[in-house]
Amino acid sequence: MNKNLIKENERLDDLQNGYYVIQDPEKFCFGMDAVLLSGFARVKKDETVLDLGTGTGIIPILLKSKTSGRHFTGLEIQDECVEMARRSVMYNHLENDVEIVQGDIKEAADIFGAASFHVVTSNPPYMIGHHGLTNDHIPKAIARHEILCNLEDVVSQTARVLKDRGRFYMVHRPFRLAEIMNILIKYHLEPKRMQLVYPYIDREPNMVLIEALKGGNSRLTVDPPLIVYEKPGVYTENILKIYKMI
C-alpha cells in the first residue's frame with residue numbers, strides 16, 4: 001500500500017471489507033446514508049453501475065466489495081473530490097474495476113451516452129433553498145444543498161443513461177417523498193421498492209431508500225422499516241449486518 005497517496009490533513013478509513021477510503025474531515029466525509037444505499041442497491045453479475053455525485057467514491061468502492069458487478073463509475077464535479085477519490089481507487093488497486101470521472105451531473109448523458117448503464121445510484125443533495133443550515137464551506141454545501149444540481153437534474157439524467165429495464169437506487173429525505181415520486185414517474189422511472197429509515201423506533205424517519213425501474217409497471221413494495229439505534233450509541237442488529245460488524 002502506498003502511503004504517499006495520502007496527503008496532510010487527510011485520513012485513511014478502513015471499510016472493514018478489505019478496502020479503504022481516503023477522506024478529508026475539513027471538507028466532506030461520507031455518512032451512514034451512503035452505506036445504507038450501498039446495502040439497499042442490488043447489482044447483478046456483470047452489470048455496469050454509475051454513481052452520480054460520487055464524492056469520495058465510497059459507493060462504487062462499497063458496491064465493488066459486495067456485488068459481482070462488472071464495472072463501477074463515479075461521476076463528480078468537484079476537482080478536489082475527484083482527485084481524492086481517484087487516489088482511493090489507486091490505494092485499493094481497483095483501477096480495472098472503478099473509474100472516477102470528473103463532470104457535471106446535468107451532462108451525464110452527454111458524457112457517457114444514452115442507455116450506458118444497468119444500474120444508477122445517487123446520494124444527491126437533500127436540501128433546497130434555505131432548508132437546513134447553509135454551510136459556508138463550499139464542498140460540504142455542494143454535497144448537502146441543491147447548489148450545482150437539483151433532484152430533477154439527477155432523475156432526468158438517470159433516465160437517459162439507464163438501459164431499458166435498468167434500475168435506479170437513491171437515498172433521500174422523507175419530507176420530499178411526494179416530489180420524488182412525481183419526478184420519477186415523470187421520467188418513466190417507476191418506483192418499485194421503498195424503505196424508510198428511522199433513527200430510533202419511536203422517532204420519525206429521517207431517510208428514505210428508493211428503487212425505481214426504467215419502463216416498469218406501477219407496483220410498489222415497501223420493505224420493513226430500518227431502525228438505526230436500539231439506544232444512543234448502540235446499533236440495531238440490522239444496521240450491524242449492513243456494516244458487516246457481526
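Serine 122 sits in strand 6, which covers residues 117–122. In this predicted model, serine 122 comes out at 0% relative accessibility, so it counts as buried. Leaving aside residues up to four places away in sequence, serine 122 touches Leu37, Asp51, Leu52, Val154, Phe168, Tyr169, Met170 and Val171. From there, here's a quick tour of the rest.

**The chain overall**

- The protein chain has eight helices and 13 strands.
- Of its 246 residues, 52% are buried.
- Take the contacts in the chain with a separation of 6 or more: 70% of them join residues 24 or more positions apart.

**Isoleucine 59, in helix 2**

- Isoleucine 59 belongs to helix 2, which spans residues 58–66.
- With a relative accessible area of just 3%, under the 20% cut-off, isoleucine 59 is buried.
- Its contacts, not counting residues up to four places away in sequence, are Ala34, Leu37, Asp51, Thr121 and Asn123. Two of those names, Leu37 and Asp51, also turn up among the residues that serine 122 touches.
- Phenylalanine 72 is 13 residues from isoleucine 59 in sequence, and their C-alpha atoms are 9.1 Å apart in space.

**Helix 3 and what comes after it**

- Helix 3 runs over residues 79–91, 13 residues in total, and reaches 18 Å from its first C-alpha to its last. That's close to the 18 Å expected at 1.5 Å a residue.
- Its buried residues are Cys81, Val82, Met84, Ala85, Arg87, Ser88, Val89 and Tyr91.
- What lies over those buried residues? The cover includes two strands from early in the chain, strand 1 (11–14) and strand 2 (20–23), along with helix 2, strand 4 (71–76) and strand 5 (98–102).
- Histidine 93 follows helix 3 and lies in the loop that leads from helix 3 to strand 5.
- Histidine 93 isn't a glycine, yet its phi is positive, at about 55 degrees.
- Buried or exposed? Histidine 93 has a relative accessible area of 57%, so it is exposed.

**Another positive phi: aspartate 46**

- Aspartate 46 is also not a glycine, and it has a positive phi of about 70 degrees.
- You'll find aspartate 46 in the loop between helix 1 (32–40) and strand 3 (48–52).
- Its relative accessibility is 41%, so aspartate 46 counts as partly exposed.

**Helices 6 and 7**

- Helix 6 (residues 151–161) has nine of its eleven residues buried, so it is largely enclosed by the rest of the structure.
- Those buried residues are Leu151, Asp153, Val154, Val155, Ser156, Gln157, Thr158, Ala159 and Val161. One of them, Val154, is touched by serine 122.
- At the start of helix 6, asparagine 150 has a side-chain oxygen that comes to within 3.1 Å of the backbone nitrogen of glutamate 152.
- Helix 7 (residues 177–186) has Leu177, Ile180, Met181, Ile183 and Leu184 buried.
- Helix 6 is part of the cover over the buried residues of helix 7, and that cover also includes strand 7 (162–172), strand 8 (189–198) and strand 9.
- Histidine 188 comes just after helix 7 and takes a positive phi of about 60 degrees.

**Glutamate 211, in strand 9**

- Glutamate 211 is part of strand 9, residues 207–214.
- This is a charged residue by class, and its relative accessible area is 10%, so it is buried.
- Which side chain does the side chain of glutamate 211 make a polar contact with? The partner is arginine 193, at 2.8 Å.
- Setting aside residues up to four places away in sequence, glutamate 211 touches Phe40, Arg42, Arg167, Phe168, Tyr169, Glu190, Pro191, Lys192 and Arg193. Phe168 and Tyr169 also appear among the contacts of serine 122.

**The second largest pocket**

- This pocket has a volume of about 250 Å³.
- The elements that each give two or more residues to its lining are strand 1, helix 2 and helix 8 (237–243).
- Helix 2 gives the most, with three residues.
- The lining is made of 14 residues, and Leu15, Gln16, Val35, Leu62 and Tyr243 lie nearest the centre of the pocket.
- By class, the lining has seven nonpolar, three polar and four charged residues.

Notes:
Residues numbered from 1 in each chain as written. Predicted model: local features only at pLDDT ≥ 70, side-chain atom pairs only at ≥ 80, totals over all residues. Heavy atoms only, no water. Helix = DSSP H or I, 4+ residues; strand = E, 2+ residues; numbered from the N terminus. Expected span 1.5 Å × (residues − 1). Buried < 20%, exposed > 50% of the residue type's maximum accessible area, 1.4 Å probe, protein only. Contact = heavy atoms within 4.5 Å. Polar contact = N/O pair within 3.5 Å; in protein donor to acceptor, adjacent residues only side chain to side chain. 1 Å grid on protein atoms, 1.4 Å probe; cavity = no way out; pocket = protein on both sides within 12 Å on 5 of 7 lines; lining within 4 Å. Points joined across faces, edges and corners; volume = space filled by probe spheres on them.
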